[in-house]
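Biologist: I would like a close look at a single part of this protein. Please pick one helix and walk me through its surroundings.

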Amino acid sequence: MVKSFMIVLCMLTGLTCISLEKKKHRVLIYSKTAGFHHESIAAGIQAIQKMGLENNFKVDSTTDSTFFTSKNLKKYNAVIFLNTSGNVLDNNGKAAFEKYIRSGGGFVGVHAASDTEFDWEWFNRLVGAQFKNHPHQQDAVMHVKDKSFIATRHLPEVWKRHDEWYNFKNIKIDDSYKILITIDENSYKGGENGNLHPISWCHPFEGGRSFYTALGHGNEAYSDPLFLQHLLGGIKYAVNGINE
């Protein structure tokens, strides 16, 4: 009754009406592994679920590849590939996911998402690069290249942390990508990508949005406020494409 009255009042007074029942954003975490399985996946799911509660978006999770249908995916504003590995979708699932992105959907790739679907060229372009190898876990220095972006504005310009540092192959990053963070290969042993070694980036892609971070290997990442805010910013970008 109250809702109907408010709508009529807005119509009569010429005011702009705002929906009284704003629809929550919804994200899907996909964490199927057909290669290396990160023990931190469970911690990652719990952390993103907590983010959802604190930031007013719903979170579902699955490891079921048959869930990737157009009917199911259209429920979500973004799909998060959380430490997936190997070939994790069949041809039907791939087709549904491509359609989802082209219809304006968002993608977030975390760490081993770049170690996923090496033979699927479209996915390589969506992510931006493929995992090649990594040295032993160690401290390293990163440089935040864009302090205005929602996923990096809270970070120090020089950020030192401990993680598993990926080297990449089949790097597709060009002028359409925004490089957010790079790693200084002089600060650790085993880097193979030279002076421009990106760690996180984003880009518009075929009607949708893609955000990737190579961080997020171990359990400790998912209790680190700096990393969690970085990941949350990437999710927000993928959900609505707005840097706010």
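Modeller: What follows is a tour of one helix, α2, and the sheet beside it. Keep in mind that this is a predicted model.

Start with the helix itself. α2 covers residues 41-55. That makes 15 residues, with 21 Å from the first C-alpha to the last. The span is close to the 21 Å expected at 1.5 Å a residue.

Now the sheet. It is open and has 9 strands, with mixed pairing. Their order is β2-β1-β3-β4-β11-β10-β9-β6-β7. The edges are β2 (57-62) and β7 (158-163). Each has a single partner strand, so one side of each lacks a neighbour in the sheet. From one strand to the next, the twist averages 20°.

At the β2 end, the partner is β1, residues 25-30. The two strands pair in the parallel sense, over 6 bridges. Within this pair, V27 stands opposite V59 in β2. Helix α2 packs on the sheet here, touching β1, β2 and β3 (78-82). Its direction makes about 160° with that of β2.

Which residues of α2 are buried? They are I41, G44, I45, A47, I48, M51 and G52. These residues cover an arc of only 165° around the axis, so they fall on the same side of α2. The spacing fits a general rule. An α-helix has 3.6 residues a turn, so residues three or four places apart point the same way.

What covers that buried side? The cover includes the strands β1, β2 and β3. It also includes another helix, α6 (225-240). The other side of α2 has exposed residues: Q46, L53 and E54. After the helix comes N56, with a positive phi near 65°.

One more stop, further along the sheet. β11 spans residues 208-213 and holds R209. In the strand order, β11 sits between β4 and β10. Is R209 buried or exposed? R209 is buried, because its relative accessible area is 13%, and buried means under 20%. Its side chain has two backbone oxygens to look at. One belongs to G104, reached at 2.9 Å. The other belongs to Y237, reached at 3.4 Å.

To recap, α2 packs on β1, β2 and β3. Its buried residues lie on the same side, while Q46, L53 and E54 are exposed on the other.

Notes:
Residues are numbered from 1 along each chain as its sequence is written. This is a predicted model: local features need pLDDT of at least 70, side-chain atom pairs count only at pLDDT 80 or more; totals for chains, interfaces and linings use all residues. Side-chain values use heavy atoms; hydrogens and water are left out. Helices (H or I, at least four residues) and strands (E, at least two) are DSSP runs, numbered from the N terminus. Buried means under 20% relative accessible area, exposed over 50%, partly exposed in between (1.4 Å probe, protein chains only). A polar contact is a pair of N or O atoms within 3.5 Å; within protein, one must be able to donate a hydrogen and the other to accept it, and residues adjacent in sequence count only if both atoms are side-chain atoms. Two strands pair if DSSP finds at least two bridges between them. Axes are lines fitted to C-alpha atoms, for helices over the stretch in contact, and angles run from 0 to 180 degrees between N-to-C directions. Contact means heavy atoms within 4.5 Å. The expected span of a helix is 1.5 Å times one less than its number of residues. The arc is that of the directions from the helix axis to the C-beta atoms.
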